[in-house]
Every structure is written in C-alpha cells, then in structure tokens.
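Visitor: I'd love a close look at one small part of this model, together with whatever it connects to. Could you walk me through it slowly?

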Amino acid sequence: MFGFNRGKLLVATAVLATGGLTLSAVPAQAFSPHLEVGVSSTEIKLGVTLPMTGTASPGYNKVPGAMKAYFDYVNANGGVNGRKITLVVKDDQYVPTLAVAKTNELILKDKVFALLAPLGTANNKAVAAAVNPGRRGIPVLFVNTGYSGFANKKVYPTTFTMLPSYIVEAKIMAQYLKENYPDKKIGLLYQDDDFGDDALAGFKQAGLNFAIKVPYASGSQGVSGVPATWIGKLSAAGAEVVVLFGVSSATGAALGTAAVMKYAPKWVLGSVGGDATTIKALGVPAGVLYNATGASFLPATTDTTDEYIKLFQDINTTYNKSAVFDNNVLVGMNTAFVTVQALMAAGANPTRKSLIAAIERKGASFASAGLTPLNFSATSHVGFAGYWFGTYGPTGDLKPNGGAYTVYTTDSAGGAVVKSTYKRPAMPAKGLPN
Amino acid sequence: MHKLKSTNLTRFLFFVLLGVALFFLGNRVDELRVYQGATLSMYVIAIASIILLTGYSGQVSLGHGALMAIGGYAAAITREHLGWPIWICFAVAVLVAALAGSVLGTAAARLSGPYLAGTTLALAVGLPSIANQFSILGGEQGLLFDVGAPPASMGADFTQYKWYFWIAALTALIVMWWLQNILRSRYGRTWRAVRGNEVAAELAGIHVGKSKTLAFTVSSGVAGLAGAVLAMTISTVSPSAFPLSLSFSLLTGAVLAGVSTLSGVIIGALTLVATPEIADAISRRLGSSENVTTNLPGLLVSALLIIVVLLVPNGPLEQLRSARARKAREATHQ
Amino acid sequence: MYQFINTIFIGITSGAIYSLMAIALVLVWRSTRVVNFAQAGMALLSTYIGYEFIQRFHSFWLALFLAMVAGAGIGALVDSIFMRTLFRRVAHGPIAGVAPIIATLGLLGLIRASLGLAVGNSDVSIRPPVSNVGYTISGHTLAFSPLKLVIVSAAVFLMIALSILFSKTNIGLSLRASAFSPEIARLAGVRVDRVRTLGWAIAGAAGAAAGMLQTPSGTGALSPDSLDFSLLLVFGFIAAVIGGLESLIGAVLGGVLLGLVLAFVLTYMSGSLVFITAFVLLIIVLLVRPQGIIGMNRGRRA
Amino acid sequence: MSLEVREVSVHHGPIRAINKISFDVQAGELVAMIGSNGAGKTSLLRALSGLNRSAEGSARWNGFELLHTKPEILVRHGVSHVSEGKSVIPELTVEDNLNLGALWRRDQSQAHRTRQSLLDHFPRLAERMKQSADTLSGGERQMLAICRAMMSQPELLLLDEPSLGLAPLIVAQIFETIRDLTTTMGLTVILVEQNAMSALKVADQGIVLNLGSIAAIGSAQSLIADPKVRAAYLGY
C-alpha cells in the first residue's frame, strides 16, 4: 500500500511545492520607517475578532457594524488627524483556536495597529498566551468581556477593559437586593463557568445569601425542556426575587418559560443578558419583561433625551443601515467613540507605545456615554466600574428607578459599594472629539 | 511504471528528507505562514488519526475532537503541575487519550456504523462540559499550556512560532513515519482484512473485536497527540477549543485527503488551513455587504466538501491513481 | 410532589420534541441507510418557509401544513439530485461509511450559509398558535400547556400514522424492502429510487413539523445560526440511537426516555449536567443493548 | 415466444466476462446453464435481468430488449430474476417477502389469487407466514425466493444457483419444484447451476459456458451423454 513508486513521489513533491508556493506568496509589506505598523499617512488600521457566525454570534455580531458606523462618521468629518480609521473584522466563531489564528492574521498579514474589542474569556486568554500582544507591545483595547482577570496589568500589560467586571456587577447587585428586598427569598440562575464563578464570588463577597442557586451549562439553554427545569426548581424553592445572571438566550428562555408556568417572581436581570431588544428579538414578549429590574452603565437605549443616545441613533441611521438600536450597537458605538479619543491623545503620529501611554495618562478624562467614570490610569486598566438600576416598562424600555440615574460603583476586590457622585461631562460638539 | 524497492530504510530516508525540506521552508517564509505551518502539522496528525480509524479499520468517529481535548488537557496538566519536559507531556497526552480510546473502543467494537456515530457524537458534545465540573481543569477559560521559549542556542531571531512549527512538524513527521510502519505490520494487515470483510476475517482467525478496539486505541492516541499540539499552538486548553465543529472538520479533512490512504493527508490539512483564508479573500473582493463577508466562507467550505464527496469521493490522490491505472490499461489493450 | 409531577411533564414534552426529530432521522435511516445530518438544516429551511407563510396568511396551521409540504419537497430534492448521485459514485470501500455523513454535513453547512446570505443572521420569531401558558390544577400551574399538548399529540400521531404506513401498507413494505436490500427490492419490481425519494420526502415533512413546533415552544426565535436546531439534531439523533434507529416507536421511546432522564437529573442533581447526562445515558443503553431499545437483534452492519 | 440472445458481451473493468455469445431459448423450456466457477454464468444472468446494464449486444424476450433495462421495469414485462444466494430479505416476514413480488401489480386481487395458489403448493411457507424470513431453513428460503419471483407472474424466470449451500436432498426437491413450475405454469426458465448433473437431469436444454463463450449447447440428454461434457463438468 505504501510502496513509494515514482508517481507518489511526484505527487508528494507537487504537494510540497504547492504548499511552498502558497506559503511564500506573501508580498513583503513595505512600510515607512517613521510610522508605526498599521499607521500610514492616510489610514489607521484596527482589527477585531469575534463570533460573526455560529451559535454564539447573535447579538455580538452587531458590534463591529456599530463600531464601523462611528468610525465612518469620524472619517467623514476629517478622521483622526487626517487619517481614516479602518476596522478589519474576523470571524472566530467563538473558538479559541480560530481566535488565535485570526488574531495572527490581523497582526502579521493585515498589520493592524491595535486590536479592538475582542470577545470571550477563553478566546482572550488564548490570544494573550499564544499571540502575546503584551510582550509585543500591541494594544488590546477594551476587551468585550467582564471577566475580572483581564484587568491584571502584570499579566496583560497592554490590555484595557471596558465593561465593568462581573464581580463589580454582582457586588453592586447584592447591595441593591439587600436594600430593596431584605426579607425576601432570593433565587439565582447563573452560567456554570467562569462567568458565573465571577458572579458567585461577587455575591459572596457582598454577603448575599440565596435561597436557591441554579447553575446551567453554557449552551444548554437551547435544549428543549432545560429552561423548564430551572423554573421548576426556582418556583419549588419559593424564590420571590430571582436574579438572572446569564447570557441573553438564557435570560430569554427563563422569562419565556416562567410565563408558561405562570411563575412571576420579581426579576432582576444582569447586564450581559439584560438587553431588552435582544431578548425581544429572541421572541420573548415585551410584557414578560414589564416591571423587571435591570442594570446598566450606559444610558437606556431608548432615552433620546440623552445627547449621546440621540447622536448614536442618528449615526446608526446614516452609517449602519438603520440596524435595530440595541445595547450591542450602543456598546459598539461608545467603544469606537472612546477609541477615537485614545488615538487622538496618542499624538500626531501615534505609536503603540504612545497609545497605551495616552490611555494611562488621559483615559480617565475621556468623554463617553457611560454614566460612571473610566478608571484608566498608570496603575489601572479598568474601564467602567459602576451600575445604575432601572425598571423595564411595558414595551421593554429600561427606565432608571426614581427617574434619574443613580449610579453605584465599586471594585473587583474587597472595596465597598458606594454611590457615585460622578457628573458626566457634556458631549464634545457633534460627538467629534478634538 | 515500476516500483522502487520499498524498505523501512527508504521510507525512513524519505521522511528525513521531508524533514530537511520543511526545515528550510520554515526559514524562508514569514511569521504567519510559520504559524500556519504549525496548525497544518496539527491537522496532519489529527486527520491521520481519522484516516487510520475510518480508512483502515472501517469505523466512523464523530468525536475525535473530544479525544483531542483529552490529549490537550493531559499535556497541559502534566506541564502545569509537574513541569515535565514538553516531549514527556506529549507522551502523556498520547497515553491518556489512548487509554480513553481503548475504553471507548471496547464499546465501539460492539456497535455498528450509526450507533458508533451517535455515541462519538454524544461524546463530542458531552465531554468538553466536564471542564466546568472540576477546578483542576480550569473551567471555561481553561489552562495555560506553555511549552517554553525556544532554546537560546537557536539564536535571537528564532521566533516562538518557529519553535512551535519545529515541534509540530517534527511530531507530525514522526507520527506519519510510525503510522506507515504500523500499517505495513501485522496489525495493519489485520485492520485491512477486517475492513474488507468482517466475516471473512473472522474465519481467517482474526479476532475482529480486538482488532477494532486496537485500531480505535491507536487512533485515539494519535488524536490525543494532535490535541496536545493544538494546545501548544494556542498556548491554552479550554472546552471551547474543541467544539463539535472541530470533529466535523477533521472528517472533512479526511475526505478531502481521501480516507483510503494516508498519503493524501497533507492535502486535507492544507485545504482546512487554506480554504477559510481563500474564502476570506474572495468574499472581501466581492463583499460589499457584511452579510456576504460573514456567510461566504461557510458557503465555500460546504460547497467544496460536497463537490469533493460527489466528484472525487476517494480523494484526489486515489482519483489520480485510478485514472492513471485506467490509462495504463488502455495502453496495454491497444 | 408538585415538582415531581412537573418534572415528568417537562421530560415528556421535551422528549416529544426530540422524538419529532428522531422520527425524521429514523425515516431516512430506514429508507436509505443514511444518518441525515442535514435534517437540522432541512428543518431550519422549512421552518423559515413556514415563517414566510405565517407572514402571508396569518395562520400557523396553514403555514405548518405548507412548511411540511415544503419540507417534503426539500427532502425529495435532496435525495433525487444529491444522494442519488452520491450513491452512484460511492458504493464501496471505507468511504461508503463516511460519505453520506460528510455529504449531509456539507449540505447542512450549505443550507445554513445560504440562509444566512438570503435572510441575514438576525432573528425572526414565531408566535405560538395556541396558548403556551400551563394548565392550572388546584392552584398549581403545570409545566404543560395546550401547545405542549399539541406537540406531544403530534409526536404520538406521527409515530402511529407512520408506523401504520410502514408496517401495514404496500408503500411501507416497499420502503422497508428498499432499505434492507435495494437489489432484491428492484428484482421484485419495486422502483427503489422513487421509493427512497419518498422516504426522504416523508422525513422532510416530519422534520418541518419538528422545526415549526419546537420554535414557538422555546422562545420562538429563529435564525440561521440557531443553537436550538443544532441541539435538536444532536438530541434527536441520540434519542434515535437510544431507540434503536430501526423503529419509529423506538424513536419516540428513546426521545421520551432521554427527556425524562434529563429532566430528573437537571432538577434533582445539577443543572450543569445536560450534555454529560445525554452521553452517559446513551452509553448505558448501548452497553445493555448495542442495537438500542427496539433495535434488530441481528443488526446489519451499515 | 422466445428469448433471442445475440452477440452479448459483458465486461468487468478490463476483464471480459462474456464474449459475444448468441443462443435462443424457446418458450416453455427449462434451460440449464452450466460451467465452472468464473465461466460467466452469473454475469450473463445479471445482464439479462438488468442488474448489470453495461452489457453490449442484444437480448430480446418476445421482441422486448432486455439489456440496459432496469430490473424493476423488466419485472413488469414478465422477466423475474432470483439472484444468487437465497434472494430473500431476512429482516422481513415471509408474508412481506411474498407480497413484495406483487407490489407493482395494479390488480391486487389477482396477486392475492397467485399467492393462494403458491401457498397451496408450499404449505411450509403458509405455516410460517408471520415469521421473519431469517428463521427459515436454507431450502425454505430458496423456496420463498422462487415464490417471491412467481408472485410477479413471470413468463421468463432467471434462477441463479438455487442449490448453493443446500444439502443434496433439498437440492433435488428444489429442482423438482422448478421442473414442476415450468410445466404447470408454462414458464420459461434459465437455471444457472454449478451442480451440473442435477440441473441437466431436470432441464430440457443445456448450455455449457467456458471462459465467457459457449462450449456446448444442445438437449439436456445429449449433453449428459457427451463424454467431453461429462469429463469436464459432470465429474465422471
């Protein structure tokens, strides 16, 4: 069977040769000596990997479109110091192997200046270890995950987080629950992996006791019958307040199934799975969300009295084909907005070093739609660290409790939960940083 | 067309030659291609494990991704907790995966086609979720697997990826050489006999069940090694690195390579690595809309798969061979 | 006690949904000896077609019927232009065992990606045609609603109707004969190609019913990347294997067994054990009976 | 009514299994086709019944071309083939195996009558109607296979090695049955056999195939009497 006749050797050689050709058919990219990789006289190139297809993609696949829309808006208004921003999007299907491969492509082939808003805990960890942007000095701006570990500057020296960590969220939520429902039986639904572990750590730190904790395996919310077992357990334990600390599809499945089983506790939704638009798109009637409690660090997506929301909605209409304006779009736009400020702060000819230094130096003063301050400094790469609580209206709009945003902040460690005194500065004219 | 005399020595020399060629290739291409070369080597090993199982012993597995996970985790745990040298970690990966494979293979030998497919599919879906049950497995974010920096003696511009590539390519060469040898041995002949006709093999005194279990065990061990190499290329192991789609793409690679022979394995691996990039390039050239860029790669890969299965089901090499055999026959008839 | 009863209901209703998919898989297996991984894609496509009909006619039931017709058409089309070519080309060798799996997987990807291109990767949703709010008995709401009743009835009805079709009618005899021995069936005058296509068509219709009924019973969302459909395929296949692949009654029994075991493990042990439980159950069943609950004793190697 | 075979060739890849052979079979005859292993008997039969559609030449039954026609169509034109090795489906019941042969017939009441008369002939099968076919003995299976073919009410019956793997006593029974069917139903039968002597004994005509060509043809008696045939094929 394995006699090496001449024919087979020929084929083997041919295969090797083709392989070699493919491998060597890369044009050596010429770049000017005085400009950083990914920066030319006319362009700054950024790259993102995230799930654009596959079962983890719904919702998240709207983020790049939103970021591109805001960059296009900036580009149409003169760009960053005359340079246009382009965003290269790669689909990693939420698989670490692909995330590493695609990030390598971004860095080695597309030669991007910085990585922007990569998604997923396992993906980011694999990229950090295998591609090692930290050692290469490549900025990883505003990772799109609340896993607290990425804020560790020693391990991830070039990484900045944007979302408040899950621990922060759990601590603040615990405080809220203790204040508002001191004598109620509280139940918790959480994802049985690092996402949930962070949450459990936060709740534990805050000293909140649950009457029942229901874990679910990531992905199992799509299996018929599984959500019904959650509701069965929660209702059997008599939980009067239920915290849903999972992804949107799990939150949606829990709410939908609870309606079927006529189980109506006071719902408290975590921010990851708390976007009304996404939940409604999952087929859950808005009425189910009515009166539930939600949390966010950005203004409500329907709050058109907010100058940022109004601007982002306009940009969304013009540059994003009027995609449904949900929290994913809002997060994308706001991330792009902060990114532009960071690029501007990095100087006339930004380098990777100057970009990181700029965020460390000026990051805390960057404008943003966020209702809590960005905590960037030379010692902290943590972005937002606060939440406000609101109630979902009959159509699913999240409105702040008491009519105004009351923001609580804390940290991922042992710090106390405090009411924020932060007053968001006015938006730069036309939402264009200068 | 006369056959060169094939001995263990010529075969060994062929692989040494191939190794030397790869060594020079690794020095000539850029960093990204070197990295892809490591991935390619990983796929070569993984696809070989599938071909061994399906092509040579007639069993179908939809769960080799899970066996790769076992190998990957075994290597990572050995490295992290015991700090053993990398080649011992790889050996542990092989052993642990082979052990799991022998348990599974014992069950598999009793099952006919679709039942085995169902069992392995359930394994591929079920196994990764174990990672969140035991803290030693590191949960969703997984474990780090650091094979270490290249030795200083290699020089300052010897990159980490080149080191990965060297390790992966050397592993792949050794595996392929060893597999070619084992397939020419008594075991290889037994497997082929069983694949050809179970009843006849049984009558010829072959213990069919044992033979199948052995094939499953060897294949699992090789898959475990591929898992360790995969873990090396992404420096971590995590449940999501071994999704169901990995098992499926290995089958795809095996079909593209031609399941009936190991010699096409590089074609399968090359296609798996190159197609997404080619599709990406095409869709970017065509793609004005987000929708096209997102869905075109999937469309192209699926279409390629279907075309190959329909047009060259036994793989391009086998097709070439039979076409040539036909031509030779016609020539002698004239 | 209330929780115990509810767990049984949850098990039976989810089992019924796995059964619907399992029935479709068993149908194709019985008529062509192919494990049809494209079934999830075919069901997804049919359900999208059903969704379009709902938008047009505002009747779920009419749309369900039309989706089943469309599903039958898709099944017939897949077999006549696709599987027939495949079988002409790969009849022998090791590839014969994997080619149908690979081909149907490829088809699954093709349907997914084409749907993504055609309709985009965002969700649409299907409302339940009858109330999905649970029945209330003496103040307790059961995990069982009119919609779930429809689903369970549909699974039972399909099982009975198709079992009768298979075992009592001439068409059924042709289907079985073509599956077991195409050559002998041909020699006996059965138009095997047409009969196989018919088998695929019936499976396509059953798959469409599974998709149309499972969608509103979950959250109602439908997208080309729908996790629910991949999982439906996996759990449907596991149910079919547990049941024995040869028997429609086995498919339903396998589905319900899987549903019940999952419901009890999730409720009384841990919510994290879904996928492991499915695997362990499958292993246990196959260790005791390698041919499934209702499989043939002298199972053919295929 | 007759079968006219003209210059038929069958290839298996590069090997020519049947090389341009021609012969006639008259209606109502039982023809035994004998020859050693690999002589091409089965190849010829499979070409006549449409299982191998790559044959060249022409074979007409009452003017209807058999070559290149699908077996399921040939059945509708009165040609039935019982393939080598007990052509029954073991997973089905005896009843289902029988019924299978007449599924294509529009007139099912006619099929019912055929079945009744066959069952009268073969009471052993009648007793086992609800059992699965793999519970039958080898001889019973062969009977069932022949009955299944008879359910199509064929005019031309092609039988491939019905004696394969059966005890001599059973073989004799089967051949008697075939002879009986030929006579009582006015069938034309081509019986391919290794078991040359037994076959020729019940046959009207005999054809001896050797390496894809006709080595001898004639009445069964004359072939039995032919010393060369005796030496080469009848073993004495």
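Visitor: In the hairpin of E4(D) and E5(D), which residue takes a positive phi, and how many residues lie between the strands?

Guide: Happy to! A word on reading the model: it is predicted, so local features need pLDDT of at least 70 and side-chain atom pairs count only at pLDDT 80 or more, while totals for chains, interfaces and linings use all residues. Residues are numbered from 1 along each chain as its sequence is written, and chains are lettered from A and ligands numbered from 1 in the order in which they are written.

The residue you are after is D:Asn62, with a positive phi near 55°, and the hairpin has 2 residues between its strands. Those strands (DSSP runs of E, at least two residues, numbered from the N terminus, as are helices, runs of H or I of at least four) are E4(D), residues 56-61, and E5(D), residues 64-65. They run antiparallel and are joined by 2 bridges, which is enough to count as pairing (at least two DSSP bridges). Across the hairpin, D:Trp61 faces D:Phe64, and D:Arg60 sits opposite D:Glu65.

D:Arg60 also has a partner in E1(D), where D:Glu4 stands opposite it. E1(D) covers residues 2-12 and pairs with E4(D) over 5 bridges, again in the antiparallel sense. Step back and you see an open sheet of 4 strands in chain D, ordered E2-E1-E4-E5, with antiparallel pairing. The edges belong to E2(D), residues 15-26, and to E5(D), and each of these pairs on one side only.

Next, look at what lies against the sheet. H1(D) packs on it and touches E1, E2 and E4 of chain D; contact here asks for C-beta atoms, placed from the backbone, within 7 Å. The direction of H1(D) makes about 115° with that of E1(D) (angles, 0 to 180 degrees, are between N-to-C directions of axes fitted to C-alpha atoms, for helices over the stretch in contact). H1(D) spans residues 41-48 and is mostly covered, with 8 of its 8 residues buried, that is, with 20 or more other C-beta atoms within 10 Å of their own. Among the buried residues are D:Leu44, D:Leu45 and D:Leu48, and so are D:Lys41 and D:Arg46. After the helix comes D:Gly50, another residue with a positive phi, near 85°.

Chain D also has a neighbour: 21 of its residues are in contact with 19 residues of chain C. H2(D), residues 71-76, and H3(D), residues 94-100, are the elements that give two or more residues to this side of chain D, with the largest share, 4 residues, coming from H2(D). By class, this side has 8 nonpolar, 7 polar and 6 charged residues (charged: Asp, Glu, Lys and Arg; nonpolar: Ala, Val, Leu, Ile, Met, Phe, Trp, Tyr, Cys and Pro; polar: the others, Gly among them).

Chain C touches chain B too, and of the 5 pairs of chains that touch, B and C share the most contacts. That contact takes 45 residues from chain C and 46 residues from chain B. H4(C) gives the most to the side of chain C facing chain B, with 17 residues, and this side has 31 nonpolar, 11 polar and 3 charged residues. Chain A, by contrast, does not touch chain D, and their nearest C-alpha atoms are 21 Å apart.

How values were computed: Contact = placed C-beta atoms within 7 Å. Buried ≥ 20, exposed ≤ 12 C-beta atoms within 10 Å, placed from the backbone.
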